[in-house]
2 protein chains.
Amino acid sequence: MVSYALSRLTPRAREIVQTARQLLERDGPDALSMRRLAAQLGIRASSIYEHLRDKQELEAALISVGFEEQAELFAQAVRRSDAPIAALAAAYRDFARRQPNLYRLMTERPLRRDLLASGVEEAAAMPLLDAVGGDRDRARAIWAFAHGMAILELNQRFPPGADLDAAWREGIEAFHGAS
Amino acid sequence: MVSYALSRLTPRAREIVQTARQLLERDGPDALSMRRLAAQLGIRASSIYEHLRDKQELEAALISVGFEEQAELFAQAVRRSDAPIAALAAAYRDFARRQPNLYRLMTERPLRRDLLASGVEEAAAMPLLDAVGGDRDRARAIWAFAHGMAILELNQRFPPGADLDAAWREGIEAFHGAS
DNA sequence: GGTGCTAACCTAACACCGTTAGGCTCGTCG
DNA sequence: CGACGAGCCTAACGGTGTTAGGTTAGCACC
């Protein structure tokens, strides 16, 4: 199963984006520099610009891939469970923990939607919107809770001993009642 | 009313931190560079290091001030309302919208707690913990929701027409029932 | 076989970043 | 007067994203 977002790039650009992803996840956000990425590829930084317009476009490609993977994971989670909100929450947290640096990249700044593969953002949001019967306000509130929990956990903002499973449960229960 | 966090600095360091805050809020996060800050002060970047150890310490001072102001605002919000959770949510959102760049700085990365003025983080968290009767899991879930809403709004992650008031209400209602 | 085109790389440079080493000029205090 | 410290300076180092302009290798076509 090949990414639609990547399939729109030239083969060389695709390689660069895939290398960038490994670099980002393995060595952290600071490692995602054009020079370090180039070094990893065995070329010079300026050569990357033959394949990608600039760093924003590289990041947008990574973010698009992230959304695609989220869409797939979230759809599966709902399919496999009869408590869709709890399942989505678990899948959401899982994605963030498994690829913390990609998750940060995907959420830490305003999105350049014009650079994203079209539809990927909506596709990632659909499973939750379906799970709440199309209630957009409710979906947004639940998303905010899940993102808050995920990013505060990644950024180690909760005290060391905090029982995060319990906090997740607390939120999932709260959002389980009727609106 | 003078900040405790700032009062621990030398007078010159205090001026630098205050100038940094104006610069950050007026010109955005990219403007908070040692060189630009120095230019604003009429000196060279290297001179700042006479007064603050490094950029991390500067940021920690800004963050400490932010926590102090939050603590004050949140305490007031609870005092003035008999629906403490709704009042805290409103105050939280308000703080983030009024000082978006300081709010981002305060939340976007792991905290260097060793550089923070002691107690400020806890002081900002107390009003909510009190409002939920000391239930830490519940307080964390509510905080995650509020932070998620605030940062997603600041980062323009909701669709342009989204009714964020409604989403906030949705979350506040959800967390209003008994645990 | 020669010509032209394209892909993919290169070096060199620009303006910016955080930070450090080392030096200068004051005013104050003993 | 002499010492000292506060506060500033210049110059530099290694890092960042990015651009201009040049080279090389392979392939299509006459």
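Here is a walk through the structure, from a single chain to the pair and the DNA strands.

Keep in mind from the start that this is a predicted model. Let's begin with chain A on its own. Its secondary structure comes to ten helices and zero strands, so if you follow the chain along its sequence you read α-α-α-α-α-α-α-α-α-α. The radius of gyration of chain A is 18 Å, and the globule rule gives 16 Å for 179 residues; these values are close, so chain A is as compact as a globular protein of that length. To get a feel for the dimensions, picture the C-alpha trace spanning about 55 × 35 × 25 Å along its principal axes. Of the 179 residues in chain A, 39% count as buried. Now think about which parts of the chain meet. Take the contacts in chain A with a separation of 6 or more: 65% of them are between residues 24 or more positions apart.

One helix in chain A makes a good place to look at burial. Helix H7 of chain A runs over residues 100-107, and six of its eight residues are buried, so this helix is largely enclosed by the rest of the structure. Which residues of H7(A) are buried? They are A:Asn101, A:Leu102, A:Tyr103, A:Arg104, A:Met106 and A:Thr107. And what do they pack against? The buried residues of H7(A) have helix H2 (11-27), H5, helix H6 (84-98) and helix H9 (136-154) of chain A as their packing partners.

Hop over to chain B and you can look at burial one residue at a time. B:Leu62 sits in helix H5 of chain B. Why does B:Leu62 count as buried? There are 21 other C-beta atoms within 10 Å of it, and the cut-off for a buried residue is 20 or more. Leaving out residues up to four places away in sequence, B:Leu62 touches B:Val17, B:Ala20, B:Arg21, B:Leu24, B:Leu102 and B:Leu105. You can also use B:Leu62 to compare sequence with space: B:Phe74 is twelve residues apart from it in sequence, and the two C-alpha atoms are 18 Å apart.

Your next stop is B:Ala117, in the loop between helix H7 (100-107) and helix H8 (120-131) of chain B. B:Ala117 is buried too, with 21 other C-beta atoms within 10 Å. Setting aside its neighbours within four places in sequence, B:Ala117 is in contact with B:Tyr4, B:Ala5, B:Arg8 and B:Ser64. Look at B:Arg8 in that list: B:Ala117 and B:Arg8 are 109 residues apart along the chain, but their C-alpha atoms are separated by 8.5 Å.

Now put the two chains together. Chain B can be laid on chain A with an RMSD of 0.0 Å, using a turn of 180 degrees and a shift of 0.0 Å along the axis. The two copies are thus related as by a two-fold rotation axis. How many residues of each chain are in contact across the interface? The count is 28 residues of chain B with 28 residues of chain A. On the chain B side, the elements that give two or more residues are helix H9 (136-154) and helix H10 (164-174). H9(B) makes the largest contribution to that side, with ten residues. By type, this side of chain B divides into 13 nonpolar, seven polar and eight charged residues. What's more, 100% of the interface residues of chain B are also interface residues in chain A, so the copies meet through the same surface.

That leaves the DNA. Around strand D there are 17 residues, and A:Ser33, A:Ser46, A:Lys55, B:Ile43 and B:Arg44 come nearest. At least two residues of this surface come from each of helix H3 (34-41), helix H4 (45-48) and helix H5 (55-79) of chain A, and from helix H4 (45-48) of chain B. H3(A) gives the largest share, three residues. The surface near strand D is made up of four nonpolar, six polar and seven charged residues.

Turn to strand C and swap the chain letters. Of the 17 residues around strand C, the nearest are A:Ile43, A:Arg44, B:Ser33, B:Ser46 and B:Lys55. Here the elements giving two or more residues are H4 of chain A, along with helix H3 (34-41), H4 and helix H5 (55-79) of chain B. The largest share, three residues, belongs to H3(B). The residues near strand C divide into four nonpolar, six polar and seven charged.

Technical notes:
Residues are numbered from 1 along each chain as its sequence is written. Chains are lettered from A and ligands numbered from 1 in the order in which they are written. This is a predicted model: local features need pLDDT of at least 70, side-chain atom pairs count only at pLDDT 80 or more; totals for chains, interfaces and linings use all residues. Copies are superposed by least squares on the C-alpha atoms of residues with pLDDT of at least 70 in both. Two residues are in contact if their C-beta atoms, placed from the backbone, lie within 7 Å. Helices (H or I, at least four residues) and strands (E, at least two) are DSSP runs, numbered from the N terminus. Ala, Val, Leu, Ile, Met, Phe, Trp, Tyr, Cys and Pro count as nonpolar, Asp, Glu, Lys and Arg as charged, and the others, Gly among them, as polar. A residue is near a molecule or strand if its C-beta atom, placed from the backbone, lies within 6 Å of it. The radius of gyration is taken over C-alpha atoms; the globule rule is 2.2 Å times the number of residues to the power 0.38. A residue is buried if 20 or more other C-beta atoms lie within 10 Å of its own, exposed if 12 or fewer, and partly exposed in between; C-beta atoms are placed from the backbone.
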